[in-house]
Amino acid sequence: MTAAAPEPSLSAVYYTLADKIFNGAPRFIRGASAMEHLPALAMPEIAFCGRSNVGKSSLLNSLVRFKNLARVAKTPGRTQELNLFNLGDRLILADMPGYGYATAPEPVQLKWQKFLPEYLAARDQLRRVFLLIDARHGLRDTDRQMLGLLLEMQVSAQLVLTKCDSAKAPQVEEFLHYGHELAADFPNLVPVVVATSSKTDQGIRELRAWVAEAISHAPASAE
Ligand SMILES: Nc1nc2c(ncn2[C@@H]2O[C@H](COP(=O)(O)OP(=O)(O)O)[C@@H](O)[C@H]2O)c(=O)[nH]1
Ligand SMILES: [Mg+2]
């Protein structure tokens, strides 16, 4: 049996839980490019992915209220690694390499392309992958490919719109509907899109609450 579908609008319980979780101080654990690098910590894990420049670093920083959390991912050698952070010993945040640009030498990219499906298939504590979409650009082919992979690997996924401050309101509204419809094709997709902006903090509390919701359910395989 799979976990029950989350409610379209989140219960206050998850906001309270999120306050607790995101009060914790984030610590960099390590960068990983192979399964044996992954820490054997008994904590739920949440991952973030998206195209390069989608606003992932900014969003992660806003989520954990820490200015330079994601800077570490910019250091040479780390851009094509899965960067793992321990949030107050309650949660592991996994920052995936941005896709869409050839920013790394080919062997490094190939390494990640091999590791990614392994990670998605075998990381038992991974509860959800948040796929970030730039509100001004919408869903691109590479995003669809990522969604397809997440479906294939049976990983729970949720779309997050970024930079909503610089997109037109009707465009954002339209995408929220579209994301809901997309869940018909992708049953692993939570049918609620979270509209955010790191500039204005729009949706940041809501996203924290969705993270809390994601880690509150036992993984499907454990039921
Ligand atoms: N208007 C606006 N710009 C943003 C927002 N978040 C990030 N950006 C800009 O988008 C660019 C890429 O951001 P970054 O967080 O480094 O993206 P990453 O490559 O996905 O990690 C930078 O110029 C940011 O200033 C946002 O919420 N609103
Ligand atoms: Mg970044």
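Reader: How many of the 9 residues in helix H2 are buried?

Author: Welcome! Please keep in mind that this is a predicted model. In helix H2, which spans residues 56–64, 7 of the 9 residues are buried, so a residue here has under 20% relative accessible area. That is what makes the helix mostly covered.

Reader: Which residues of H2 are buried?

Author: They are Lys56, Leu59, Leu60, Asn61, Ser62, Leu63 and Val64. Just after H2 comes Arg65, with a positive phi of about 55°.

Reader: What makes a positive phi worth pointing out?

Author: Most residues other than glycine have a negative phi. Asn53 has a phi near 80°, a positive value in a residue other than glycine. Lys163 also has a positive value, with phi near 60°.

Reader: Where do Asn53 and Lys163 lie?

Author: Asn53 sits in the loop between strand E2 (45–50) and H2. Lys163 is found in the loop between E6 and helix H5 (169–185).

Reader: Why is Asn53 called buried or exposed?

Author: Its relative accessible area is 63%. The cut-off for exposed is over 50%, so Asn53 is exposed.

Reader: And Gly50: where is it, and is it buried or exposed?

Author: Gly50 belongs to strand E2. Its relative accessibility is 0%, and buried means under 20%, so Gly50 counts as buried.

Reader: What does Gly50 touch, not counting residues up to four places away in sequence?

Author: It touches Lys56, Pro97, Gly98, Tyr99 and Leu132. Leu132 is 82 residues from Gly50 in sequence, yet their C-alpha atoms are 4.9 Å apart in space.

Reader: Let's move to Val160. Where is it, and is it buried or exposed?

Author: You will find Val160 in strand E6 (residues 157–162). With a relative accessible area of 0% set against the limit of under 20%, Val160 is buried.

Reader: Which residues does Val160 touch, leaving out those up to four places away in sequence?

Author: The list holds Leu59, Phe130, Leu131, Leu132, Ile133, Val194, Thr196 and Leu207. Here a contact means heavy atoms within 4.5 Å. Phe130 is 30 residues from Val160 along the sequence, and the C-alpha atoms of the two are 6.5 Å apart.

Reader: Why is Trp112 called buried?

Author: Its relative accessibility is 9%, and the threshold is under 20%, so Trp112 counts as buried. Trp112 is placed in helix H3 (residues 106–122).

Reader: What is Trp112 in contact with, leaving aside its neighbours within four places in sequence?

Author: Gln80, Leu82, Met96 and Pro97 are its contacts. As for Ala32, it lies 80 residues from Trp112 along the chain, with 9.4 Å between the C-alpha atoms.

Reader: How many disulfides are there?

Author: The count is 0. A disulfide would need a pair of cysteine sulfur atoms within 2.5 Å.

Reader: Are Cys49 and Cys164 buried or exposed?

Author: Cys49 has a relative accessible area of 0% and is buried. Cys164, at 7% relative accessibility, counts as buried too.

Reader: Now the ligand. Which residues are closest to ligand 1?

Author: Those are Lys56, Ser57, Ser58, Asp165 and Ser198, out of 13 residues that surround ligand 1. The shell divides into 1 nonpolar, 7 polar and 5 charged residues.

Reader: How do you know which atom pairs at ligand 1 are polar contacts?

Author: A pair of N or O atoms has to lie within 3.5 Å. A backbone N or O atom of Gly55 is 2.9 Å from an oxygen atom of ligand 1, so this pair meets the cut-off. For a backbone N or O atom of Lys199, the distance to a ligand 1 oxygen is 3.3 Å. An N or O atom in the side chain of Ser197 lies 3.5 Å from an oxygen atom of ligand 1. Taken alone, ligand 1 exposes 580 Å², of which the protein buries 72%.

Reader: Finally, what does the chain look like as a whole, in helices and strands?

Author: The chain has 6 helices and 7 strands. From the N terminus on, they run α-β-β-α-β-β-α-β-α-β-α-β-α. Buried residues make up 50% of its 223 residues. The chain exposes about 11,000 Å², with carbon and sulfur atoms supplying 52% of that. Among contacts with a separation of 6 or more, 78% join residues 24 or more positions apart.

Technical notes. Residues numbered from 1 in each chain as written. Chains lettered and ligands numbered in written order. Predicted model: local features only at pLDDT ≥ 70, side-chain atom pairs only at ≥ 80, totals over all residues. Heavy atoms only, no water. Near = heavy atom within 4 Å. Polar contact = N/O pair within 3.5 Å; in protein donor to acceptor, adjacent residues only side chain to side chain. Areas by Shrake-Rupley, 256 points an atom, 1.4 Å probe, with all protein chains shown as cover. Nonpolar A, V, L, I, M, F, W, Y, C, P; charged D, E, K, R; others polar. Helix = DSSP H or I, 4+ residues; strand = E, 2+ residues; numbered from the N terminus. Buried < 20%, exposed > 50% of the residue type's maximum accessible area, 1.4 Å probe, protein only.
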